[in-house]
Amino acid sequence: MVKHLPPVIKQLLTLRNPEAWPSPPIERLTSVFARTLNEARQLNAETGWLVLSTCTLLTTNRPSAVGHLYRFATRADPGSVETRRNLEDAITRAAVMREAALKSVIFVGVPRTISSLASLREAIEDDVYAALRKHVIRDAKPLNIEATIERGMALWKSIYEPHAVKLYNKLGDFHPDFIAFIIQAYGTILSPLPRGQLEQGNLTRALGSVVAVATLRAEGRVGPQLTSHVFGLLKARYEKDLNDEDKFLSSDEGTEWVIRKVDEIVDAVTADTQDRLARGKL
């Protein structure tokens with residue numbers, strides 16, 4: 001059994017920037033969080049703000065900033081646990097951030113999701129973590145696979161109609177198992193949980209599309225996929241029993257706001273990196 005890396009391979013793995021990007025200065029993070037949260041509160045879109053902020057930081061590969069976001073969102077002073085506002089509120093926000101990060105895996109992959117979830121776990125206080133769900137509710141079983149595929153197809157149609165069938169066949173032509181994987185992932189991860197708001201951290205159909213838009217916008221250079229999911233967010237307005245926040249997020253104004261806030265956060269957290277790239281230091 002191999003227990004140690006050969007020295008040459010170990011040294012090779014230190015090359016080509018293997019570490020995640022460092023967090024920008026806390027003052028800059030706090031400033032952009034405060035500015036964008038203030039807007040969100042005026043628009044009654046605070047959960048949408050928390051989701052898009054989590055996904056943007058995760059996608060830009062600033063995991064330590066995800067931990068700061070949790071502290072900022074739950075404390076009057078992010079540096080002092082004694083200023084945490086409310087235990088129940090902290091539990092709710094932690095669950096929402098955790099769920100948003102999980103859904104991000106569909107769009108930007110496992111490695112960055114692991115790093116950001118690890119940073120979030122480190123930031124969450126023990127009493128909050130103790131109250132978060134520990135049991136699995138997404139395990140695949142013979143009894144639930146049909147319902148999972150049904151949820152996945154329903155979400156697929158909700159996002160992509162009137163092109164759902166054409167796109168389904170196109171992706172199936174790329175690889176016969178590809179579209180099956182996507183539908184199962186949509187049903188398992190991206191769609192709202194089967195029991196909806198009865199489940200801790202559940203994200204509505206609109207908030208699931210906020211995850212998609214935030215990750216793809218922050219990722220960059222995936223224009224067709226971003227456009228599809230912007231349409232998906234706009235189409236979330238047709239869901240039944242929308243709350244006021246979902247009505248706003250799925251409106252033209254709300255969707256524009258989501259995109260602009262993602263851009264604002266990306267610009268704030270990548271400013272140092274862009275400057276170093278421009279000066280040839282990376």
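How many aromatic pairs does a search of the whole structure find? Seven. Keep in mind as you read on that this is a predicted model.

## Aromatic pairs

Start with Phe33 and Trp49, whose rings meet edge-to-face, with 6.5 Å from centre to centre and 85° between the planes. Phe33 belongs to helix α2 (residues 26-42) and Trp49 to helix α3 (residues 46-59), so this pair ties together parts of the chain that are 16 residues apart in sequence. Phe33 and Trp49 are both buried.

Trp156 and Tyr186 make another pair, this one tilted: the ring centres are 5.9 Å apart and the planes are at 50°. Here helix α8 supplies Trp156 and helix α10 (residues 178-190) supplies Tyr186, so the parts tied together are 30 residues apart in sequence. Again, both Trp156 and Tyr186 are buried. These two also belong to a cluster, in which ring pairs link Trp156 and Tyr186 with Tyr160 and Tyr168.

## Charges over a ring

Tyr129 is worth a look for another reason. Arg121 lies over the face of the Tyr129 ring, 3.6 Å from the ring centre. Lys134 also lies over the face of Tyr129, at 4.4 Å from the ring centre.

## Around Met97

Met97 sits in helix α5, which runs over residues 87-108. With a relative accessible area of 1%, Met97 falls under the 20% cut-off, so it counts as buried.

What does Met97 touch, leaving aside residues up to four places away in sequence? The contacts are Leu50, Thr54, Val66, Leu69, Tyr70 and Leu120. As for Cys55, its C-alpha atom is 8.5 Å from that of Met97, and the two residues are 42 apart along the chain.

## The largest pocket

The largest pocket has a volume of about 570 Å³. Its lining has 22 residues, and those nearest the pocket centre are Tyr160, Phe178, Ile182, Tyr186 and Gln225. Tyr160 and Tyr186 are also members of the ring cluster described above.

Which helices build the lining? At least two residues come from each of α5, α8, α9 (164-174), α10 and α12 (223-235). The largest share is from α10, with six residues. By class, the lining has 18 nonpolar residues, three polar and one charged.

## The second largest pocket

The second largest pocket comes in at about 330 Å³. It is lined by 19 residues, with Pro192, Thr204, Arg205, Glu239 and Lys240 the closest to its centre. Two or more lining residues come from each of α8 and α11, and α8 gives the most, with four.

The mix of classes in this lining is six nonpolar, seven polar and six charged residues.

## One cavity

There is also one cavity of 30 Å³ or more, and the space inside the largest cavity is about 50 Å³. Its lining consists of Leu155, Ile159, Leu190, Pro192, Arg205, Gly208 and Ser209. Helices α8 (145-160) and α11 (205-219) each give two or more of these residues, and α11 gives the most, with three. Sorted by class, the cavity lining has four nonpolar residues, two polar and one charged.

Some names turn up in both linings: Pro192 and Arg205 line the cavity, and they are also among the residues closest to the centre of the second largest pocket.

Key: Residues are numbered from 1 along each chain as its sequence is written. This is a predicted model: local features need pLDDT of at least 70, side-chain atom pairs count only at pLDDT 80 or more; totals for chains, interfaces and linings use all residues. Side-chain values use heavy atoms; hydrogens and water are left out. Buried means under 20% relative accessible area, exposed over 50%, partly exposed in between (1.4 Å probe, protein chains only). Contact means heavy atoms within 4.5 Å. On a 1 Å grid over the protein atoms alone, a cavity is a set of points where a 1.4 Å probe fits but cannot get out, and a pocket is an open set with protein on both sides within 12 Å along at least five of seven lines; lining residues have an atom within 4 Å of a point. Grid points are joined across faces, edges and corners, and a volume is the space filled by probe spheres set on the points. Ala, Val, Leu, Ile, Met, Phe, Trp, Tyr, Cys and Pro count as nonpolar, Asp, Glu, Lys and Arg as charged, and the others, Gly among them, as polar. Rings of Phe, Tyr and Trp (its six-membered ring) pair if their centres lie within 6.5 Å; planes under 30 degrees apart count as stacked, over 60 as edge-to-face and the rest as tilted. A charge sits over a ring if NZ of Lys or CZ of Arg is within 6 Å of the ring centre and within 35 degrees of the ring normal.
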